[in-house]
Amino acid sequence: MILGNEKANKILEELLKRDTLSICLSGPEGLGKKSKALELIGQILKVNTDEAAVHADLFFVEPTNSLIKLEKIRELLEFSHLKSYSGGRKFALINDAHLMNTESQNALLKILEDPPEGQTIILITDKYDELLSTIRSRLIKVSYKKLTDDEIKTAVGRDLSTEVLILADGSVAKAKYYMDYDMSGLTDFVRAFLYRDGNYTTKEPEAEDFKVMATYAICVLKEMRKISSGGKSDLHDANIFQNKLKIRAEIIDRLLIKLDQAMSLYMGNFNKKNIFADLMMGDF
C-alpha cells in the first residue's frame with residue numbers, strides 16, 4: 001500500500017475494472033506509483049508483482065539514458081495490434097513518461113486517440129506539465145500527494161532526523177536514500193558556500209554527489225529565508241547560519257537562483273571545475 005494515498009489507490013483500482021482506457025499516475029517521485037500499478041496489473045493477470053513486470057500481456061517502457069525514444073513507442077504500437085497472450089486484457093505501462101521526446105509523444109497519440117479494445121495504457125510521471133497538452137487531454141489523471149513526515153517514518157520503520165525529512169520532501173525513496181548519508185559533509189559544503197571558501201575542495205565532486213550537496217544547501221537557504229522573515233525552523237544548520245550571518249531575504253533569493261543554475265549546469269555537459277569554482281568564489 002502507498003501510505004497516505006489511499007484515495008488515489010482506490011480510484012486507480014476502480015478505473016482498472018474497465019478494460020479500455022488511458023490513465024496517468026501523477027505526483028512526486030518516490031511514492032510507489034509504479035509498484036502500485038504493477039501490483040494491480042498483476043492481480044488482473046493473476047500473477048504476482050514481479051511476474052507482472054515481465055508478463056507477455058504487459059508492454060513495460062522505462063527510459064534509457066534519461067530518454068524514451070521513438071523506437072520504443074513504435075514497439076508499443078506494434079504490441080498493441082497483437083492478440084493477448086493469455087486471451088484476456090493487455091496493458092502498456094510507461095514509467096517517467098515525461099522523458100518521451102516530442103516525436104515519441106506524438107507517436108503515442110495514435111494509440112491514445114483510438115485505444116485497442118481490451119488494452120489499458122498507464123503513464124507514470126512526476127512532471128505532468130511536461131507532457132504535451134494533446135497527451136494530457138486524452139488521459140484520466142490520478143493524482144498522488146507527498147507523504148507526511150509521520151507516514152515516511154512509518155514506511156521506513158525508523159525515526160529520521162529533520163535534515164533527512166526535509167531532503168526527502170515527502171518521498172519514501174528519497175528518505176531511504178538520505179537516511180544513511182553523511183550529513184556532516186553536507187553541512188561543510190553549505191558552510192563553504194556561504195563563507196565563500198575557495199579552498200573547500202581541490203577537486204570538484206561527482207555529479208550525483210554535487211546534486212545532493214546543492215539540494216541540501218537549497219533546503220537550508222529556504223529555511224534561512226523563513227527565519228529572515230520572522231518565521232521559525234527546525235533545521236539546525238539553518239538556525240546556526242542565519243543567526244551568525246543574518247542574510248537578508250533578497251540575498252538568499254539570489255543564492256537560491258545561483259545554486260539552482262549551478263546544479264542544472266553541473267548535471268549537464270559543462271566544465272564542472274569552473275562551475276564549482278564560481279559557486280565557491282563568485283559574487284553573490
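Let me begin with one residue, leucine 165, which sits in helix H8, the helix made of residues 162-168. Please keep in mind throughout that the model we are looking at is a predicted one. Is leucine 165 buried or exposed? Its relative accessibility is 12%, and because buried means under 20% relative accessible area, leucine 165 counts as buried. If we set aside the neighbours within four places in sequence, the residues in contact with leucine 165 are Asp149, Ile152, Lys153 and Leu160. There is also leucine 147, which lies 18 residues away from leucine 165 in sequence, while the distance in space between the two, taken from C-alpha to C-alpha, is 10 Å.

Now let us step back to the whole chain. It has 14 helices and five strands, and its C-alpha trace spans about 70 × 40 × 30 Å along the principal axes. Of its 284 residues, 45% count as buried, so leucine 165 has company in that class. If we take the contacts in the chain with a separation of 6 or more, 70% of them come from residues that are 24 or more positions apart.

Next, the sheet. How are its five strands ordered? The order is S2-S3-S4-S1-S5, the sheet is open, and the pairing is parallel. Strand S2 and strand S5, the latter covering residues 140-143, are the edge strands, each pairing on one side only. On average, neighbouring strands of this sheet are turned by 15° against each other, if we ignore direction.

Let us look at one pair within that sheet, namely strand S2, residues 58-61, and strand S3, residues 90-94, which run parallel and are joined by four bridges. Within this pair, phenylalanine 60 of the one strand stands opposite leucine 93 in S3. Between the two strands the chain passes through helix H4, residues 70-80, and this β-α-β crossover from S2 to S3 is right-handed.

Helix H4 leads us to its packing partner, helix H5, which is formed by residues 102-113. The two helices pack at an angle of about 10°, with their axes 8 Å apart, and since angles under 35 degrees count as roughly parallel, H4 and H5 are roughly parallel to each other. On the H4 side the contact is made by Leu70, Ile73, Leu76, Leu77 and Ser80, and on the H5 side by Glu103, Ser104, Ala107, Leu108, Lys110 and Ile111. By class, this contact comprises seven nonpolar, two polar and two charged residues. H5 also lies across strands S1, S3 and S4, and it runs at about 140° to S4.

Finally, let us turn to a second helix pair, H13, residues 249-266, and H14, residues 272-281, whose axes come within 10 Å and cross at roughly 170°. Which way do they run relative to each other, roughly parallel or roughly antiparallel? Because angles over 145 degrees count as roughly antiparallel, H13 is roughly antiparallel to H14. Here Lys258, Leu259, Ala262, Leu265 and Tyr266 in H13 meet Lys272, Ile275, Phe276, Asp278 and Leu279 in H14. The residues of this contact divide into seven nonpolar and three charged, with no polar residue present.

How values were computed:
Residues are numbered from 1 along each chain as its sequence is written. This is a predicted model: local features need pLDDT of at least 70, side-chain atom pairs count only at pLDDT 80 or more; totals for chains, interfaces and linings use all residues. Side-chain values use heavy atoms; hydrogens and water are left out. Two strands pair if DSSP finds at least two bridges between them. A crossover is right-handed if, with the strands pointing away from the viewer, the path from the first strand over the helix to the second runs clockwise. Axes are lines fitted to C-alpha atoms, for helices over the stretch in contact, and angles run from 0 to 180 degrees between N-to-C directions. Angles under 35 degrees count as roughly parallel, over 145 as roughly antiparallel, 65 to 115 as roughly perpendicular and the rest as oblique. Contact means heavy atoms within 4.5 Å. Ala, Val, Leu, Ile, Met, Phe, Trp, Tyr, Cys and Pro count as nonpolar, Asp, Glu, Lys and Arg as charged, and the others, Gly among them, as polar. Buried means under 20% relative accessible area, exposed over 50%, partly exposed in between (1.4 Å probe, protein chains only).
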